[in-house]
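Grab a pencil and have a viewer open. Below are some exercises, each with a worked solution to check yourself against.

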Amino acid sequence: MSAVVPLDAHQMIAATLPAAQRIPLWIQRGLGRLFVVPLSIIVIALMKFWARFRVSNHRELRETFATLTASREPLLICANHLTLIDSIVLQWALVPIRAFALQYRLLFWNLPARENVRRFLIWRIITYLGKCILVDRMGDKSTSQGLLQKVRYLLQRGEIVNIFPEGTRSRSGRISLEATNYGVGRILQATPGCRVLCVYMRGRSQERYSNFPANHEVFDLSMEVISPATALPGLRGARDISLQIVAKLQQMEEKYFSRGYATANVG
Amino acid sequence: MQDQVYEKLLEIVKPFAKNKEAFEKATESSSFLDDLEVSSSRLVDIVLDIEEAFEIEVADTEADKIDTLGSAVALIKAKTAGR
């Protein structure tokens, strides 16, 4: 009988990355840092004053996130996914501009699908400066292996990475275990000791998936740190870990709906 | 034996293939990702189902080499040879 294997920080092995991949990442980080304040002001102004978005428990969320990120231990954010700008709203909800102007690592890395951003030059620029690594969904195994190495490298250097374990926006509007992408499990297997912050975020008028949230949307967020563990090696282990995370998000979704926020009238 | 392996493999793959038309016309050279439009995570499910169905163990490095129906058949045959 095998024992449960926790993802232990003591087993952490420093990740290496070939210079050809490492240097572009740090150039991207450097350029992003130069533009983070003006870009954030524009994006947040659009969300606050044009789209009139609001986050219901802003202050409490930011305090909790500040506590979590005080340590540089690897932190992987695993969130549900309903709109194309979830990661931007999430960033705004969790970190004030002044914080990531001073501590740039608080602007987390994201892994959007290449096909969602390649159409418009402005999207490509924003995602590049906004610490996004574009994912080629139809890429071969060496592509996904390269992505895994980059994420592992960033996490072990105290960078924060946000990932959507479902891989794509929830088509039904509800989290589905069947849609789970096992990439998150592979990342965690490769990054022992990584903390997992599960975040459930939903606009109150959001019924199904969409490109953008509705104007005047009010977002509610809940967060929970979990420590996935598995007794299974290899692919089975990756699947087990990924399913634990998505199951947690599913529980958080049930809690969200039990509170009765959804479909409330938003003025 | 090969036909049996192939037929059994098709049964395993069927629920995961998004491109049903390509699945109906599938040959051993059909690619899981490009032709059948099986996502990489569902390909993991297929490998794990193959392990159970054929009572074999597939190492991660071997799983990484499975890209077509034919490569899966070849792996299964190699693992079950001599039974």
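## Exercise 1: a helix in chain B

Task: work out which residues of H3(B) are buried, then check the length of the helix and look at what follows.

Solution. Start with burial: in H3(B), the buried residues are Ser40(B), Ser41(B), Arg42(B), Leu43(B), Val44(B), Asp45(B), Ile46(B), Val47(B) and Ile50(B). Keep in mind that this is a predicted model.

Next, the length. H3(B) covers residues 40-54, which makes 15 residues. The expected span is 1.5 Å times one less than the number of residues. That gives 21 Å for H3(B), and its end C-alpha atoms are 21 Å apart, so the two agree.

Then step off the end of the helix. Just after H3(B) comes Glu55(B), with a positive phi of about 50 degrees, and Glu55(B) is not a glycine. Glu55(B) belongs to the loop between H3 and helix H4 (60-63) of chain B. Since only 10 other C-beta atoms lie within 10 Å, and 12 or fewer count as exposed, Glu55(B) is exposed.

## Exercise 2: another positive phi

Task: Lys131(A) also has a positive phi. Is Lys131(A) buried or exposed?

Solution. First the backbone: phi of Lys131(A) is about 60 degrees, although this residue is not a glycine. Then the location, which is the loop between helix H6 (121-129) and H7 of chain A. Now count neighbours: there are 26 C-beta neighbours inside 10 Å of Lys131(A). The cut-off for buried is 20 or more, so Lys131(A) counts as buried.

## Exercise 3: reading the sheet

Task: lay out the strands of the open sheet in chain A and find its edges.

Solution. Begin with the order: the 6 strands run E2-E7-E6-E3-E5-E4 (chain A), and the pairing is mixed. At the edges stand E2 (54-55) and E4 (109-110) of chain A; each has a single partner strand, so one side of each has no neighbour in the sheet.

Move in from the E4 edge. E4(A) and E5(A), residues 160-163, run parallel and are joined by 2 bridges. Here Trp109(A) sits opposite Val161(A). Across E5(A), the pairing with E3(A) is also parallel, through 4 bridges, and Leu75(A) stands opposite Ile160(A).

Now look at the faces of E5(A). Ile160(A) and Asn162(A) are on one side, Val161(A) and Ile163(A) on the other, and all of them are buried, so both faces are covered.

Finally, add a helix. H2(A), residues 58-68, packs on the sheet and touches E2, E3 (75-79), E6 (195-203) and E7 (218-226) of chain A. The direction of H2(A) makes about 25 degrees with that of E7(A).

## Exercise 4: into the core

Task: find which residues touch the most other members of the largest nonpolar core, and follow one of them outwards.

Solution. This core has 70 residues, and the ones touching the most other members are Leu76(A), Ile77(A), Cys78(A), Ala93(A), Val161(A), Val199(A) and Val47(B). The largest share, 7 residues, comes from H9(A). As background, nonpolar side chains in soluble globular proteins tend to be buried together.

Follow Val161(A). Beyond four places in sequence, its contacts are Leu76(A), Ile77(A), Phe108(A), Trp109(A), Val151(A), Leu154(A) and Leu155(A).

Now take Ile187(A), found in helix H8 (residues 183-190) of chain A. Ile187(A) is buried, with 26 other C-beta atoms within 10 Å. Leaving out residues up to four places away in sequence, Ile187(A) touches Leu76(A), Leu148(A), Val151(A) and Arg152(A). Its C-alpha is 9.4 Å from that of Leu147(A), although their positions lie 40 residues apart along the chain.

## Exercise 5: where the chains meet

Task: how many residues does each chain bring to the contact, and which helices of chain A take part?

Solution. Chain A brings 11 residues and chain B brings 9. On the chain A side, H7 (141-156) and H9 (234-259) each supply at least two residues. H9(A) gives the most, with 4 residues. By type, the chain A side divides into 3 nonpolar, 5 polar and 3 charged residues.

To finish, pick a residue in H9(A): Gln250(A). With 17 other C-beta atoms within 10 Å, Gln250(A) is partly exposed. Setting aside residues up to four places away in sequence, Gln250(A) touches Ile175(A) and Leu177(A).

Technical notes. Residues are numbered from 1 along each chain as its sequence is written. Chains are lettered from A and ligands numbered from 1 in the order in which they are written. This is a predicted model: local features need pLDDT of at least 70, side-chain atom pairs count only at pLDDT 80 or more; totals for chains, interfaces and linings use all residues. Two residues are in contact if their C-beta atoms, placed from the backbone, lie within 7 Å. Ala, Val, Leu, Ile, Met, Phe, Trp, Tyr, Cys and Pro count as nonpolar, Asp, Glu, Lys and Arg as charged, and the others, Gly among them, as polar. Two strands pair if DSSP finds at least two bridges between them. Axes are lines fitted to C-alpha atoms, for helices over the stretch in contact, and angles run from 0 to 180 degrees between N-to-C directions. A nonpolar core is a set of buried Ala, Val, Leu, Ile, Met, Phe, Trp, Tyr and Cys residues joined through C-beta atoms within 7 Å.
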